[in-house]
Amino acid sequence: MSKAKIFGMVHVQALPGTPKHENSLSKIYQKALAEAQVYYDNGLAGIIIENMHDIPYKNRSVGPEITTTMTVVARDLRNKFPEWTIGIQVLAGANKEALAIAHSCDLDFIRAEGFVYGHLADEGYIDADAGELLRFRKMIGADQVKVYCDIKKKHAAHTLTNDLGIDEIAKAAKFFLADGLIITGSATGEEASVDELNILTRLNLDLPILIGSGISAENVSIYASEADYLIVGSSFKKDSFWANDIDEERVKQFMDIVKGL
């Protein structure tokens, strides 16, 4: 039986100043709204906004042009869907910026990478920021914005923490006041470990567990009975490739499967 709610990814088109930027701001905003509408019409529980097209990413550093543009996207989406669950991630590891945007636009949560323990990502070494981030949240009065954090995040090497099981990292994230835990596969579109999911559910940490990559129509039944939220991106795109446009028929078919579980 399924208990999981589905979040769809809105991969905002490449933003000003990034190497792949080519669309006008109005087209960027319109596309984000159109994608969100597809998800809304098909009964998803919510969305996560992410600047995934801004490759290559900078390490915990984005300029005001990124923050302000993502703020406009977030505000447009909140105005259009006032009661819907909306989260945001600003790549790479720009957790403070994401939190500020979420607070100013009445979003519900951020997805934070590098919350506890350090890891070596393709952007470089990302150190833990839980202490700094949650103090910033308190300072700006954003306690209502939840922080869902990745543990053993995709696109990263975890040699430094190989002596720690995912259970120990999860316990540390709870101790450092995370509001939810996200587990992923090794890369975008790669399946998360079912064994790791089972470990987290057995811990009974009283935190929501999210699956952050690799969910598809073929495997959704495996994860939906244990995880609280499934974040779906690639599987909703044409040819299951994250950078392609949304394929509404794939969204419909996926949600039909979820409703039938």
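How many nonpolar, polar and charged residues does the lining of the largest cavity have? The legends below take up this question first, and they all describe a predicted model.

**View 1. The largest cavity and the residues that line it.** The structure holds one cavity of 30 Å³ or more, and about 90 Å³ of space lies in the largest cavity. Its lining is made up of 13 residues, and those that lie nearest the centre are Val-116, Tyr-117, His-119, Lys-152 and His-158. Sorted by class, the lining of this cavity has five nonpolar, five polar and three charged residues. Tyr-117, one of the residues nearest the centre of the cavity, belongs to the loop between β4 and β5, the latter being residues 119-121. Although Tyr-117 is not a glycine, its phi is positive, at about 60 degrees. Tyr-117 counts as partly exposed because its relative accessibility is 35%, a value that falls between the 20% limit for buried and the 50% limit for exposed residues.

**View 2. The closed barrel of eight strands.** The strands of the barrel follow one another in the order β1-β2-β3-β4-β7-β9-β10-β11, and their pairing is parallel. From one strand to the next, the twist averages 25 degrees. In general, strands of a sheet pair through backbone hydrogen bonds, in either a parallel or an antiparallel manner.

**View 3. Two strand pairs of the barrel, β1 with β2 and β3 with β4.** Strand β1, which covers residues 5-11, runs parallel to strand β2, which covers residues 46-50, and five bridges join the two. Within this pair, Gly-8 has Ile-47 of β2 as its bridge partner. Strand β3, residues 85-89, pairs with β4 in the parallel sense over two bridges, and here the bridge partner of Gly-87 is Phe-109 in β4. The side chains of β4, residues 109-112, can be followed in the same view: Phe-109 and Arg-111 point one way, whereas Ile-110 and Ala-112 point the other way, and all are buried.

**View 4. Helix α6 across strands β9 and β10.** Helix α6, residues 194-203, lies across β9 (180-183) and β10 (209-211), and the helix runs at about 170 degrees to β10. Asp-206 is found in the loop between α6 and β10. Like a glycine it is not, yet Asp-206 has a positive phi of about 60 degrees. Asp-206 counts as exposed because its relative accessible area is 72%, which is over the 50% limit.

**View 5. Thr-184 and its contacts.** Thr-184 sits in the loop between β9 and α6. Thr-184 counts as buried because its relative accessibility is 6%, which is under the 20% limit. When its neighbours within four places in sequence are left aside, Thr-184 is in contact with Arg-111, Asp-150, Lys-152, Lys-153, Lys-154, Ala-192, Gly-212 and Ser-213. Asn-42 stands 142 residues from Thr-184 along the chain, and the C-alpha atoms of these two residues are separated by 24 Å.

**View 6. The largest pocket.** About 560 Å³ of space lies in this pocket. Its lining has 35 residues, and Lys-154, Thr-188, Gly-189, Gly-233 and Ser-234 lie nearest the centre. The elements that give two or more residues to this lining are β1, β11 (229-232) and α8 (248-260), and the largest share, three residues, comes from α8. By class, the residues of the lining divide into eleven nonpolar, 14 polar and ten charged.

**View 7. The second largest pocket.** This pocket has a volume of about 170 Å³, and 16 residues line it, of which Thr-18, Lys-58, Ser-61, Val-62 and Ile-66 lie nearest the centre. The lining of the second largest pocket divides into eight nonpolar, five polar and three charged residues.

**View 8. Two cis peptide bonds, at Pro-56 and at Ala-92.** The peptide bond from Ile-55 to Pro-56 is cis, with omega near -10 degrees, and Pro-56 has its place in the loop between β2 and α2 (64-80). The peptide bond from Leu-91 to Ala-92 is also cis, with omega near -5 degrees, and Ala-92 is located in the loop between β3 and α3 (95-104).

How values were computed. Residues numbered from 1 in each chain as written. Predicted model: local features only at pLDDT ≥ 70, side-chain atom pairs only at ≥ 80, totals over all residues. Heavy atoms only, no water. Pairing = 2+ DSSP bridges. Helix = DSSP H or I, 4+ residues; strand = E, 2+ residues; numbered from the N terminus. Axes fitted to C-alpha atoms, helices over the stretch in contact; angles between N-to-C directions. Contact = heavy atoms within 4.5 Å. 1 Å grid on protein atoms, 1.4 Å probe; cavity = no way out; pocket = protein on both sides within 12 Å on 5 of 7 lines; lining within 4 Å. Points joined across faces, edges and corners; volume = space filled by probe spheres on them. Nonpolar A, V, L, I, M, F, W, Y, C, P; charged D, E, K, R; others polar. Buried < 20%, exposed > 50% of the residue type's maximum accessible area, 1.4 Å probe, protein only.
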